[in-house]
Amino acid sequence: MKGKKRLLTGLQASGTLHIGNYFGALKPFVDTYEDYESMLMVADYHALTSIKDASLLRSNIFDVVKDYLAVGIDPKKAIIFKQSDVLEHTELSWIFNCLVTVPFLMQAHAYKDKIAKGLEANAGLFTYPMLMAADILLYDTDVVPVGEDQRQHVEYAREAAMKFNNAFGDTFSAPKELILEGVGTVPGTDGLKMAKSRPQYVIPLFGSKDEITKAVMSIVTDSSADRPEHVYAIHKLFKTEEELEVLYKEKMGNYKDLKEALIEDIDSYMSPIRERRIHITDDEVKKVLEDGGKRAREIAQKKMEDVRKKIGVTIN
Ligand code: ADP
Ligand code: TRP
């Protein structure tokens, strides 16, 4: 029996992290992970749905783990691991794929968005939510800190758990998403969702002051409004609404000053973690993943023994 509740989240190794990833998923994890049995995953097999370049995927994996360590996650207090090191994830996702229907998966946002853009989705992207369900359910996860765009995927995990339990008996518990109030979806500099797949519109999490300046100065503003909404939406992640109230009143209509204030606030918030990141070596990352993989496998293997028995593939 486990004591503390389980917290688990993951980020895809699909590119440089931006402040949307930080405030949507990483910060809620950092703020709460010591109260739970915590696991932080690098979703490298999810990244394979978009990346077909071995050296890029490999370097992204190192980068994401460095980001995890730099934002202050202690690998002794959380299991940091990568998805591909625990084969049970892909195994369980197959089982879930055999339980859910094609029309159900067709309603998933990631797939629908791709189709809406006229792009061809690979079968991995189509079944992506069942791999994510496996990531979550394999560890009897209670709480999943994510950004708003992942709410539906956690719902899909609950659905997969229910389908399995109905078919084979009580095995998986229902996970709950943790979405930070007031964060919602962080806009990119163009006003649409900030996303790794649109790097020209992101504010990088570990950007230099020059990169931050360039990104903030390019935030689109509506000159007819008193307040530049997209600047404000990002600013409120770094300062309280009370603090901003004063500033935005004083500088009303002066977008340049407001953007400069935002640059300073982002830079002073990020500079200590940026500094920490410089000193993290590839060897340190390898050690963390090796240890984390071992600890994750122990839990996952035990759970899968039960699952295999329940579905009837164990013959002894
Ligand atoms: P991206 O959407 O940038 O490709 P991921 O899909 O790997 O990144 O998302 C990693 C985590 O970051 C998820 O929990 C997701 O909800 C969160 N996230 C991503 N973009 C944003 C955003 N613009 N605002 C808030 N959270 C976000
Ligand atoms: N699908 C998530 C995203 O794109 C990443 C992810 C994979 C994840 N597995 C997970 C998040 C399990 C939370 C829990 O952001």
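The following legends describe close-up views of two ligands and the largest pocket in a predicted model.

**Figure 1. The largest pocket and its lining.** The largest pocket holds about 1300 Å³ of space. Its lining comprises 45 residues, of which Gln 12, Tyr 128, Asp 149, Gln 150 and Lys 193 are the closest to the centre of the pocket. Two or more lining residues come from each of strand S1 (6-12), helix H1 (19-32), strand S2 (37-43), helix H6 (109-116) and helix H7 (123-137). By class, the lining is made up of 17 nonpolar, 19 polar and nine charged residues.

**Figure 2. Ligand 1 in the largest pocket.** Ligand 1 sits in the largest pocket. S1 and H1 are the elements that contribute two or more residues to the shell around ligand 1. H1 supplies the largest share of this shell, with four residues. In total, 18 residues surround ligand 1, and the closest are His 18, Asp 149, Val 186, Lys 193 and Lys 196. The shell divides into six nonpolar, nine polar and three charged residues.

**Figure 3. Polar contacts of ligand 1.** Side chains of His 18, Asn 21 and Lys 196 place polar atoms beside oxygen atoms of ligand 1. For His 18, the separation between a polar side-chain atom and an oxygen atom of the ligand is 2.7 Å. The corresponding distance is 3.1 Å for Asn 21 and 2.6 Å for Lys 196. Ligand 1 taken alone exposes 530 Å², and the protein buries 93% of that area.

**Figure 4. Ligand 2 in the largest pocket.** The space that ligand 2 takes is the largest pocket. Strand S1, strand S2 and helix H7 are the elements that give two or more residues to the shell around ligand 2. The shell contains 14 residues, and the closest to the ligand are Gln 12, Tyr 128, Met 132, Asp 135 and Gln 150. By class, eight residues of this shell are nonpolar, five are polar and one is charged.

**Figure 5. Polar contacts of ligand 2.** Nitrogen atoms of ligand 2 are paired with side-chain atoms of Tyr 128, Asp 135 and Gln 150. An N or O atom in the side chain of Tyr 128 lies 2.7 Å from a nitrogen atom of the ligand. For the side chain of Asp 135, the distance from an N or O atom to a ligand nitrogen is 2.7 Å. A polar side-chain atom of Gln 150 is 3.1 Å from a nitrogen atom of ligand 2. Of the 360 Å² that ligand 2 exposes when taken alone, the protein buries 91%.

Definitions and conventions
Residues numbered from 1 in each chain as written. Chains lettered and ligands numbered in written order. Predicted model: local features only at pLDDT ≥ 70, side-chain atom pairs only at ≥ 80, totals over all residues. Heavy atoms only, no water. Near = heavy atom within 4 Å. Polar contact = N/O pair within 3.5 Å; in protein donor to acceptor, adjacent residues only side chain to side chain. Areas by Shrake-Rupley, 256 points an atom, 1.4 Å probe, with all protein chains shown as cover. 1 Å grid on protein atoms, 1.4 Å probe; cavity = no way out; pocket = protein on both sides within 12 Å on 5 of 7 lines; lining within 4 Å. Sits in = over half its atoms within 2 Å of the grid points. Nonpolar A, V, L, I, M, F, W, Y, C, P; charged D, E, K, R; others polar. Points joined across faces, edges and corners; volume = space filled by probe spheres on them.
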